[in-house]
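I'm new to this structure and would like a close look at one part of it. Please keep it relaxed and start with the charged side chains.

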Amino acid sequence: MTSRVALSLGDPNGVGPEIVLKALAELAPQERERLVVYGPDEVLRATAQALGLQHLLVGLAQVHVGGLPAGAHQPGRIDAAAGRSAVASASAAIEACRAGEVQAVVAGPHHETAIAQAGIRFSGYPSLVASVCGQSEDEVFLLLIGGGLRIVHATLHESVERALSRLNPALVVAAAQAGVRACQRLGIAEPRVALFGLNPHASEGELFGPHDARCTVPAARALREQGLDVGEPQGADVLLADHARRPHDLYVAMFHDQGHIPIKLLAPQGASALSIGAEVLLASTGHGSAMDIAGTGQARPDALLRSLRLVLGPTPA
């Protein structure tokens, strides 16, 4: 089986190309040799020249995809062509993984508005992975890793109203199962799982509504029946409060902010984001394309490096 990993640039007008090159500069030569970079060649070369990192392109495996029209490469500009490019480069990398050409994908940060302007239906990388792999969006989930936490999200980029209308025991169970498989792939054989409640205090019985009794409580019961180590749902604040002890390996968040806020408080600009549940493993950064600093040379590659090293693992002998 190949040990190579695909690395896509993300939005070419964001910090993706910059942090890709800075990450390459931090990796050992034998790690760089395992990477194949997907994205517009002209963007990678222009960024390398601006950063004085042209030497990194010598011998670097590249797949030119997602080329931009003349004048469209403008760091910091939200542009439909750049959104289309980000999707094209990540999609090509996912297809390469499906074909067995690489073992996993690491994708640079995207910009959802730019992708929406391109007319592409998109709800984060998990939805793209699902689309390219021919799976339902309800089968692919986002797992954030950072600050000592692993949090999988049952719903993601949608209104709380819509998320609440979609949440049901089966969806929560599917998210937890995908999270458990990801933990096992990361070396945790029997992960201990905690479910965040939908309402404050997980509804405190049904004092704050019937939502947890109808959704998270039966989901927890179903997971235990499958032999998983899962307690009763609790409020997210209670589950995360014991910072020193935290007995759980995996948390299941019901909504975007339930999972994103603690991760970003504990690992600002340093979290890894994994799309899990599909035949392809895709990792990205836990932050966006940072249009406000794109092209200024200020972006740090910390989150991308963590994602790369998480996926690369030890270099084969």
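Q: Which residues are linked with Glu 158 in a network of salt bridges? I'd also like to hear what else goes on around the charged pairs and the parts of the chain they sit in.

A: Glu 158 shares its network of salt bridges with Asp 138, Arg 162 and Arg 166. Before going further, know that this is a predicted model, where local features need pLDDT of at least 70, side-chain atom pairs count only at pLDDT 80 or more, and totals for chains, interfaces and linings use all residues. Residues are numbered from 1 along each chain as its sequence is written, and side-chain values use heavy atoms, with hydrogens and water left out.

Back to that network. A salt bridge here puts a side-chain nitrogen of Lys or Arg within 4 Å of a carboxyl oxygen of Asp or Glu. Inside the network, Glu 158 pairs with Arg 166, and their closest N and O atoms are 2.7 Å apart. Glu 158 counts as partly exposed because its relative accessibility is 21%, and Arg 166 is partly exposed too, at 22% (buried means under 20% relative accessible area, exposed over 50%, partly exposed in between, with a 1.4 Å probe and protein chains only). By the salt-bridge rule, the count comes to twelve. Another of these pairs is Arg 77 with Asp 79, at 3.4 Å from N to O. Here Asp 79 is buried, since its relative accessible area is 12%, while Arg 77 is partly exposed at 37%.

Next, meet Arg 192 and Asp 249, whose side chains form a salt bridge at 3.0 Å, N to O. This pair ties together distant parts of the chain: Arg 192 is in strand 7 (residues 192-195), Asp 249 is in the loop between helix 11 and strand 9, and 57 residues separate them. (Helices, H or I of at least four residues, and strands, E of at least two, are DSSP runs numbered from the N terminus.) Arg 192 is partly exposed because its relative accessibility is 36%, whereas Asp 249 is buried at 12%. The side chain of Asp 249 also reaches the backbone nitrogen of Arg 192, at 2.8 Å (a polar contact is a pair of N or O atoms within 3.5 Å; within protein, one must be able to donate a hydrogen and the other to accept it, and residues adjacent in sequence count only if both atoms are side-chain atoms). Leaving aside neighbours within four places in sequence, Asp 249 is in contact with Arg 150, Cys 183, Ile 188, Glu 190, Pro 191 and Arg 192 (contact means heavy atoms within 4.5 Å).

Follow the chain on from strand 7 and you come to the loop between that strand and helix 9 (211-214), where Ala 202 is found. Ala 202 has a positive phi of about 55° although it is not a glycine, and it is buried, given a relative accessibility of 11%. Glu 204 sits in the loop between strand 7 and helix 9 as well, with a positive phi near 45°. Unlike a buried residue, Glu 204 counts as partly exposed, at 45%. For background, most residues other than glycine have a negative phi.

Go the other way from Asp 249, past strand 9, and there's helix 12 (residues 256-266), where Gln 258, Gly 259, His 260, Pro 262 and Ile 263 are buried. Their cover includes strand 5 (141-146), strand 6 (149-153), helix 11 (236-241) and strand 9 (250-253). Ile 261 lies in helix 12 too, but it is partly exposed, because its relative accessibility is 47%.

Finally, the nonpolar inside (a core is a set of buried Ala, Val, Leu, Ile, Met, Phe, Trp, Tyr and Cys residues joined through side-chain atoms within 4.5 Å). The largest core has 64 residues, and Leu 7, Leu 24, Leu 167, Leu 195, Val 252, Ile 276 and Leu 308 touch the most other members. Helix 8 (residues 169-185) gives the most to this core, with nine residues. Apart from it lies another core of 24 residues, among them Tyr 38, Val 105, Tyr 125 and Val 132. As for Leu 308, its contacts beyond four places in sequence are Leu 7, Ala 23, Leu 27, Leu 35 and Val 106.
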